Amino acid sequence: MTPPPPPPPPLGRSRNKDGFAFDPALDDTELAGVRDALVQGRWGESRALLARTGRDWDRRGHRLVVLGMEPNSAAWAEEWRLAEPDSVDAAALYACAAVFRALRGKEKPAAAREVCRAAARMYPADPSPWLALLILARHTGTDEERLQIFDQVRGRHREHHHAHHLMTACLAEHQQDRDDPFHEVYDFAAWAAEQAPADSPLCALPVVAHTERYRVLAQAGIEPRDPTRSGHWKSRRARQVMKAAFDWWLEWGYEEHPRRLVDLNFLAHAKYHEGRPWEAAALFHRIGRHVTKEPWSYPDRDPRRTYRAAHAAATGGTDLR
């Protein structure tokens with residue numbers, strides 16, 4: 001693959017007057033800078049970043065996914081692979097980039113799968129190539145395939161945050177005809193939370209499951225498409241789940257986890273729609289400008305508008321910055 005000519009130097013991820021941007025890098029400023037360098041064809045910064053990341057599997061997966069999202073990442077990762085054919089980091093980055101090319105229709109899924117499996121063979125302990133496969137299977141695979149890949153990720157890192165979120169989203173889409181309090185996605189999330197250590201962010205997974213289920217029910221017309229009109233967050237079980245997650249956050253906080261802001265956005269969304277704006281306001285304060293499109297876009301809504309409205313209602317119109 002011939003690398004494209006470098007684009008003009010990036011000016012950073014644009015932010016509007018709200019003071020926030022939907023940046024998948026979240027608060028990893030080092031990652032954001034390396035991503036900008038990769039866009040310009042400077043893959044040496046990615047090499048150094050991934051070497052420093054080491055075997056922190058959640059952080060490694062987060063950084064590889066964010067770097068792989070960029071449209072030109074595959075070309076520059078291929079250049080790196082040619083320069084260093086034994087580099088497991090180059091292979092993993094190319095695998096992630098190939099998956100996103102396939103999701104954009106620029107590459108055949110079968111080719112992306114083979115690239116991921118080749119990267120997995122080069123570094124058997126690394127769950128990241130399997131995470132890339134799971135991202136692809138989320139959109140193109142079968143239930144059986146997704147479960148098999150998830151088992152491969154979990155076998156390498158039992159608490160893999162991103163992989164658990166992906167499986168939760170997939171399971172929530174089963175049985176769309178009714179709101180079943182015993183739905184399998186709730187069982188999965190409860191099981192993952194119970195299996196995880198007390199300080200693990202997977203303890204917040206039941207909130208994610210409840211929100212993903214709302215997305216599916218609203219898209220099917222079973223729940224109102226406006227979440228403020230839904231009773232989905234008002235049931236006894238829902239309140240128990242959200243109280244447990246909020247109490248866990250107050251005790252542990254997990255300030256070092258690379259994807260903690262994903263959970264904070266889900267929890268703030270749930271607390272706001274539960275009708276507890278004072279608790280949502282505390283979460284909004286921690287989120288700052290690091291807003292995620294999901295779940296504020298559920299179901300098929302403008303995430304910027306819905307986040308602004310919820311933030312203003314919970315905080316009395318405090319500046320988002």
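These questions and answers cover salt bridges in a predicted model.

Residues are numbered from 1 along each chain as its sequence is written, and side-chain values use heavy atoms, with hydrogens and water left out. Local features need pLDDT of at least 70 and side-chain atom pairs count only at pLDDT 80 or more, while totals for chains, interfaces and linings use all residues.

User: How many salt bridges does the structure hold?

Analyst: Start with the term. A salt bridge is a side-chain nitrogen of Lys or Arg within 4 Å of a carboxyl oxygen of Asp or Glu. The structure's count of these is 24.

User: Is K271 buried or exposed?

Analyst: K271 forms a salt bridge with E274, at 3.2 Å from N to O. Buried means under 20% relative accessible area, exposed over 50%, partly exposed in between (1.4 Å probe, protein chains only). K271 has 2% relative accessibility, so K271 is buried.

User: What separates E274 and K271 in helix α13?

Analyst: Helices are DSSP runs (H or I, at least four residues), numbered from the N terminus. Helix α13 spans residues 260–274. The two residues are 3 apart there, so the separation is about one helical turn.

User: Which residues do salt bridges that share partners join into one network?

Analyst: Look for shared partners. The salt bridges that have them link up into one network. Its members are D28, E30, R52 and R63.

User: How far apart in sequence are the parts that E145 and R113 tie together?

Analyst: E145 and R113 form a salt bridge, with the closest N and O atoms 3.6 Å apart. E145 lies in helix α8 (residues 143–156) and R113 in helix α6 (residues 109–122). The pair therefore ties together parts separated in sequence by 32 residues.
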